[in-house]
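Here is a short briefing on one protein model. Keep the sequence and the 3D view open as you read.

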Amino acid sequence: MIIPVNRSDVSFNSSFSSIVRSFENFDPKILFILYANFNKNLINRLNPLFEQLEMNGIKVEKKNLNEMFSAMKSTEEIADGIENLLQDCEKVYLVPTSGASIVSSALGLLYQKNRDKNYFLVNYLFSFGPWISFYYPFTPRGTEMVIVDPPVSITQSQGPIIPIEQQIQRLKKLDNYFQGRIGETSKKNTFLGNMFKLVYEMNTRKEGVNALKITLPPIKSPASSTQKGNKEEKTKKPPSSGSSLTLKVNDMEKIKEKLQSVLGDHLRDLKVEPSYVAEIIENISGIHRIMVYDEGDKNESSKRDLSEVVNDFDFVVIDTNLIYYGIHSYEIRGLSIPYCVNFEMETKLYEEKRISSFYETLYSIYDAILLRARVLPSEMTYCDPSVPKMDPDLLKDGLILTGDRRAFKVWSNSSLSRYATVKFVKLDNKIREREHERMYSLLSVASLLMGLKDDIEIKDDIEINIELIKV
């Protein structure tokens, strides 16, 4: 199997995904990993994965393209050079997905030349969007479609792709390694760690997952004291009833109301308003589309989906409320965050003591966004007064988004609007349509509930069960 890993963009994610997907799909005996001088560091990052593959009987040979082709040659000559590596192979898989264009072209030529033999061209189509910063096996299997030429049904046992049961068995061979990556990620970022754990569980279950079930036992009510004469008598209050909720990926309407119904007693016991927490979870999950308005939200005809609007700009600057609107579930080129957002997020984190684990998980969503965004210097205060004072050169020709009506009015009427485009956003009532987006939202809900679970269990001395199921 030939897998080039010499792309200059998102190299680690695409390379890791292509290698693991190929390992589980095709049962290769040898992997030729083609790389260039500029991405030797990528090879170092992938070496632990290569070691695991070799422990499972896969031979891994790393080939430096600069050494193989010291002088610039034609695409045909590159194809011939790669073909020389394959003389002893009975079956050949060519995987250009994570390769640079010239190597991918060479693999295409090599396939055309040998298509009457046992050669297969394998491409993976990644469903980016909310999954932009994830990689397999920490993205759902269905988001990384495999296309094989010549075409073969994925269910055909006689074809090159092995049956799903065997795919899962092969994936589990690397279980210790993947569990280690989940543990390492959890130490750095709670939200990403939770997501990695949940998605990996999905990918190792043959029956699949399309729902989330939350089960809460009743609150153990303490005894209350009453005074009768000189004696104090204790009587037990009746416990609250237990409750459960199943959220389905194809039925995610009214999450707020559904969560309130099962979390209400427990959140009130924490002196927290249930509707407040449930609304945060629904909004930040990304299940609702973020709609952009030209002039406040007075003109409904002017609204457009955020995914469409951001394509008109090289970079997008967001206000804090976009974090709470689920901006992490969007793929945005040039995402930029003023430092005042950090101030507001940290202020809320340190102020909230009653559900601290929940807010730590929420803050880790913001922290995860920072991994794919640039931070812009601003005053260390609230964004309303801070953003208009930012260096104009940092904002020139950019798109600035806020869900705060007052901030929108002030910013759009200030000098800020002379060198940047200011627009107002709010959440649409309708939920997002694509299944891979809804699944991301469902798992985001699960991740946030895992944080809230810790707060409730500590306070009420109970155990809450959160599980992925198939219904």
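**A network of charged side chains**

Arg-289, Lys-303, Asp-305 and Asp-428 are joined in a network of salt bridges. This is a predicted model. In total, the structure holds 23 salt bridges. Side chains of opposite charge can pair when their charged atoms come close. The points below start with the network, then turn to another salt bridge, two pockets, a surface patch and two spaced pairs of residues.

**Inside the network**

- Start with Arg-289 and Asp-428. Their side chains meet in a salt bridge, with N and O 2.8 Å apart.
- Arg-289 sits in strand β11 (residues 288–293) and Asp-428 in strand β17 (residues 421–431), so this salt bridge ties together parts that lie 139 residues apart in sequence.
- Is Asp-428 buried or exposed? Asp-428 is buried, because its relative accessible area is 10% and the cut-off for buried is under 20%.
- Arg-289 is partly exposed, with a relative accessible area of 27%.
- Asp-428 also forms a salt bridge with Lys-303, and here the closest N and O atoms are 3.9 Å apart.
- That pair links distant parts of the chain, 125 residues apart: Lys-303 is in the loop between β11 and β12 (304–305), while Asp-428 is in strand β17.
- Lys-303 is partly exposed, at 27% relative accessible area.

**A salt bridge between two helices**

- Which residue pairs with Lys-256 in a salt bridge? The partner is Glu-279, and the closest N and O atoms are 3.6 Å apart.
- This pair also links distant parts of the chain. Lys-256 belongs to helix α9 (residues 255–269) and Glu-279 to helix α10 (residues 274–284), 23 residues apart.
- Lys-256 is partly exposed, with a relative accessible area of 23%.
- Glu-279 is partly exposed too, with a value of 37%. Both residues count as partly exposed because this class runs between the 20% and 50% cut-offs.

**The largest pocket**

- The largest pocket has a volume of about 640 Å³.
- How many residues line the largest pocket? The lining has 19 residues, and those nearest the centre are Arg-45, Ser-133, Tyr-135, Leu-192 and Leu-371.
- Four elements give two or more residues to this lining: α1 (11–26), α7 (175–188), α8 (190–203) and α14 (356–370).
- α7 gives the most, with 4 residues.
- By class, the lining has 8 nonpolar, 5 polar and 6 charged residues.

**The second largest pocket**

- The second largest pocket has a volume of about 530 Å³.
- Its lining is made of 21 residues, and the closest to the centre are Asp-305, Ser-307, Arg-432, Arg-434 and Glu-437.
- Asp-305 is also a member of the salt-bridge network described above.
- α11 (306–309), β17 and α19 (435–460) each supply at least two residues of this lining.
- What is the make-up of the lining by class? The lining of the second largest pocket has 10 charged, 6 nonpolar and 5 polar residues.

**A nonpolar patch on the surface**

- Leu-125, Met-145 and Ile-147 make a nonpolar surface patch of about 260 Å².
- Leu-125 has its place in strand β5 (residues 119–126).
- Leu-125 is partly exposed, with a relative accessible area of 44%. That value fits a patch residue, because patches are made of residues with over 30% relative accessible area.

**Two pairs set apart in space**

- Lys-254 lies in the loop between β10 (243–248) and α9.
- Is Lys-254 buried or exposed? Lys-254 is exposed, because its relative accessible area is 57% and the cut-off for exposed is over 50%.
- From Lys-254 to Pro-140 is 24 Å, C-alpha to C-alpha, and the two are 114 residues apart in sequence.
- Leu-362 lies in helix α14, an element that also helps to line the largest pocket.
- Leu-362 counts as buried, at 1% relative accessibility.
- Leu-362 and His-436 are 21 Å apart in space, C-alpha to C-alpha, and 74 residues apart in sequence.

Methods: Residues are numbered from 1 along each chain as its sequence is written. This is a predicted model: local features need pLDDT of at least 70, side-chain atom pairs count only at pLDDT 80 or more; totals for chains, interfaces and linings use all residues. Side-chain values use heavy atoms; hydrogens and water are left out. A salt bridge is a side-chain nitrogen of Lys or Arg within 4 Å of a carboxyl oxygen of Asp or Glu. Buried means under 20% relative accessible area, exposed over 50%, partly exposed in between (1.4 Å probe, protein chains only). On a 1 Å grid over the protein atoms alone, a cavity is a set of points where a 1.4 Å probe fits but cannot get out, and a pocket is an open set with protein on both sides within 12 Å along at least five of seven lines; lining residues have an atom within 4 Å of a point. Grid points are joined across faces, edges and corners, and a volume is the space filled by probe spheres set on the points. Ala, Val, Leu, Ile, Met, Phe, Trp, Tyr, Cys and Pro count as nonpolar, Asp, Glu, Lys and Arg as charged, and the others, Gly among them, as polar. Patches are made of residues with over 30% relative accessible area and no salt bridge: like charges are joined within 9 Å, nonpolar side chains (Val, Leu, Ile, Met, Phe, Trp, Tyr) within 5 Å. Accessible areas come from the Shrake-Rupley method with a 1.4 Å probe; for residues, only the protein chains shown count as cover.
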